[in-house]
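Welcome, and thanks for keeping your viewer open. Let's take a short walk through this model together, one selection at a time.

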Amino acid sequence: MKFFKIVFILIFTQSIIAQNSTPDQPNTVENQFKELYKKSNNYQIYKVVKKNEYLRLQNSILDSIKVIKTDAAAKQVKIDEQQKSITDLQTKIDTLNKDLATSIDKEDAISFIGIPLNKSTYNSIVWGIIFVLLAGLAFFIYRFKNSNVVTKETKSLLAETEEEFEQYKRKSIEKEQKLRRQLQDEINKQRGVS
């Protein structure tokens with residue numbers, strides 16, 4: 001077992017050394033393992049890896065893992081911040097939508113005699129009132145014109161009647177005067193005879 005560990009360490013160490021010597025390939029973990037495998041020595045069916053190469057590979061992998069964890073933690077913090085921002089924005093959107101709905105309801109509603117009404121209902125009521133008032137006005141104008149015509153006719157008849165009455169009065173006065181004269185004449189005749 002100890003032997004396998006040593007062989008494994010040697011393989012990794014060899015790979016790290018080989019990797020450092022070939023700058024053409026990218027320094028990925030996979031390439032580092034390949035290099036360690038290439039640089040390791042063969043012993044029967046095993047590969048022997050140098051300890052320092054193995055430790056170098058281990059440090060490289062641990063550094064890579066550390067970088068990945070740090071990057072993942074930073075990205076998680078950023079994701080959490082963005083999620084919080086999204087939640088805040090969604091809350092603001094919901095609040096704005098509620099405010100907008102309330103504003104639209106207020107815009108569409110009118111208070112008439114203390115009763116909240118929809119604009120179309122309010123318009124119908126107002127136009128109904130206007131129509132009733134116009135109908136009433138037309139009715140009263142019609143009645144006024146008819147009454148005015150009747151009043152004019154009555155005044156005309158009254159004037160004619162007053163004129164006839166005046167003529168009758170004059171004729172009556174004339175008749176009365178005539179009768180008084182005749183009566184006086186008769187009285188004078190009766191006195192003159194006696």
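Which side chain meets K189 in a salt bridge? Select K189 and E186: the side chains of these two residues meet in a salt bridge, at 4.0 Å from N to O. Both belong to helix α4, where three residues, about one turn of the helix, separate them. Colour by accessibility and you will find K189 exposed, at 52% relative accessibility, while E186 is partly exposed at 40%. Please keep in mind on every stop that this is a predicted model.

**Zoom out: the whole chain**

Show the cartoon next. The chain has four helices and four strands, and, read from the N terminus, the order is α-α-β-β-α-β-β-α. Now colour by pLDDT. The average over the chain is 83, and 86% of the residues reach at least 70. Confidence is lowest in helix α1 (residues 2–21), with a mean of 57, and highest in helix α4 (residues 119–193), with a mean of 90.

Switch to a surface view. About 16400 Å² of the chain is accessible, and carbon and sulfur atoms account for 61% of that. Of the 194 residues, 12% count as buried. If you draw a contact map, look at pairs at least 6 apart in sequence: 58% of those contacts join residues at least 24 apart.

**Select helix α2: E35 and K38**

Helix α2 covers residues 29–39, and E35 and K38 both lie there, three residues apart, or about one turn. The side chains of E35 and K38 form a salt bridge with an N to O distance of 3.9 Å. Is each partner buried or exposed? E35 counts as buried, because its relative accessibility is 4% and the cut-off for buried is under 20%. K38, at 58%, counts as exposed.

**Select helix α3: E53 and R56**

Move on to residues 51–108, which make up helix α3; here E53 and R56 are three residues apart, so about one helical turn separates them. Their side chains meet in a salt bridge at 3.1 Å, N to O. E53 is buried, with 0% relative accessibility, whereas R56 is partly exposed at 34%. As a reminder of the chemistry, side chains of opposite charge can pair when their charged atoms come close. The three pairs visited so far, K189 with E186, E35 with K38 and E53 with R56, are among the five salt bridges found in the whole structure.

**Back to helix α4: a nonpolar patch**

Select W127, I130, L134, L137 and I141 and show them on the surface. Together they form a nonpolar patch with about 510 Å² of accessible area. One of them, L134, sits in helix α4 and counts as exposed at 51% relative accessibility.

**Last stop: two rings**

How many aromatic pairs does the structure hold? There is one. Select F139 and F140: their ring centres are 5.6 Å apart and their planes meet at 70°, so the pair is edge-to-face. That label follows because planes over 60 degrees apart count as edge-to-face. Check the surface once more before you leave: F139 is partly exposed, with a relative accessible area of 46%, and F140 is exposed, with 58%.

Key: Residues are numbered from 1 along each chain as its sequence is written. This is a predicted model: local features need pLDDT of at least 70, side-chain atom pairs count only at pLDDT 80 or more; totals for chains, interfaces and linings use all residues. Side-chain values use heavy atoms; hydrogens and water are left out. Rings of Phe, Tyr and Trp (its six-membered ring) pair if their centres lie within 6.5 Å; planes under 30 degrees apart count as stacked, over 60 as edge-to-face and the rest as tilted. Buried means under 20% relative accessible area, exposed over 50%, partly exposed in between (1.4 Å probe, protein chains only). Helices (H or I, at least four residues) and strands (E, at least two) are DSSP runs, numbered from the N terminus. Contact means heavy atoms within 4.5 Å. Accessible areas come from the Shrake-Rupley method with a 1.4 Å probe; for residues, only the protein chains shown count as cover. pLDDT is the predictor's confidence in each residue, from 0 to 100. Patches are made of residues with over 30% relative accessible area and no salt bridge: like charges are joined within 9 Å, nonpolar side chains (Val, Leu, Ile, Met, Phe, Trp, Tyr) within 5 Å.
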